[in-house]
Amino acid sequence: MKLREECYSSMFSWCKLLIKAPELQATKLTTKCYAYMFHFCESLTEITMLAKDISADNCLHRWVDATSGTGTFTKAKGVNIREGHSGIPKGWTVKEI
């Protein structure tokens, strides 16, 4: 699956009732493709992101800002993603597949 720049930017932003994100199957992210995607999704507690290449500029910019304080983040095995609002939400359990 190939993404275009900014293709999912802000897609679910402010969706306060979203609990489980749809599985994000793209393996290579593009510039700002997921920027602000789950911004202020306060009920969100489950994300599965299968990207193996997250090197594009700002591809995860503030994408999980103000999500739930606990949850489960599932990612591709071996992918290094930092913790925080532009990575894996702080306090979440991380699983690899």
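This note goes through the predicted model point by point, from the whole chain down to single residues.

1. Secondary structure. The chain has three strands and zero helices. Read from the N terminus, the order of elements is β-β-β. One of the strands, E1, covers residues 46-49.

2. Overall dimensions. The radius of gyration of the chain is 12 Å; a compact globule of 97 residues would have a value near 13 Å, so the two agree. Along the principal axes, the C-alpha atoms fill a box of roughly 30 × 25 × 20 Å.

3. Contacts along the sequence. Taking contacts between residues at least 6 apart in sequence, 64% join residues that are at least 24 apart. A pair with a wide sequence separation is Leu17 and Leu44: they lie 27 residues apart in sequence, and their C-alpha atoms are 7.5 Å apart in space.

4. Burial and surface. Of the 97 residues in the chain, 43% are buried. The accessible surface amounts to about 5500 Å², and carbon and sulfur atoms account for 48% of that area.

5. Charges. The chain carries 13 positive and 10 negative charges. The mean position of the positive set and that of the negative set are 2 Å apart.

6. Nonpolar core. In soluble globular proteins, nonpolar side chains tend to be buried together. Here the largest nonpolar core holds 27 residues. The members that touch the most other members are Leu29, Tyr34, Phe38, Ile47, Met49 and Trp63.

7. Trp63. Leaving out residues up to four places away in sequence, Trp63 touches Tyr34, Phe38, Ile47 and Met49, among others; these four are also listed with Trp63 as core members with the most contacts to other members. Further residues touched by Trp63 include Leu24, Tyr36, Met37 and Phe73. The contacts of Trp63 also include His39, His85, Ser86 and Gly87.

8. Thr30. This residue sits in the segment before strand E1. Its relative accessible area is 17%, and because the cut-off for buried is under 20%, Thr30 counts as buried. With residues up to four places away in sequence left out, Thr30 touches Leu3, Arg4, Glu5, Ala56 and Cys59.

9. Leu17. Is Leu17, a nonpolar residue by the core definition's list, buried or exposed? Leu17 has 75% relative accessibility, and since exposed means over 50%, Leu17 is exposed. Leu17 too is placed in the segment before E1, as is the buried Thr30.

Notes. Residues are numbered from 1 along each chain as its sequence is written. This is a predicted model: local features need pLDDT of at least 70, side-chain atom pairs count only at pLDDT 80 or more; totals for chains, interfaces and linings use all residues. Side-chain values use heavy atoms; hydrogens and water are left out. A nonpolar core is a set of buried Ala, Val, Leu, Ile, Met, Phe, Trp, Tyr and Cys residues joined through side-chain atoms within 4.5 Å. Buried means under 20% relative accessible area, exposed over 50%, partly exposed in between (1.4 Å probe, protein chains only). Contact means heavy atoms within 4.5 Å. Helices (H or I, at least four residues) and strands (E, at least two) are DSSP runs, numbered from the N terminus. The radius of gyration is taken over C-alpha atoms; the globule rule is 2.2 Å times the number of residues to the power 0.38. Accessible areas come from the Shrake-Rupley method with a 1.4 Å probe; for residues, only the protein chains shown count as cover. Lys and Arg count as positive and Asp and Glu as negative; His and the chain ends are not counted. The place of a charge is taken as NZ of Lys, CZ of Arg, CG of Asp or CD of Glu.
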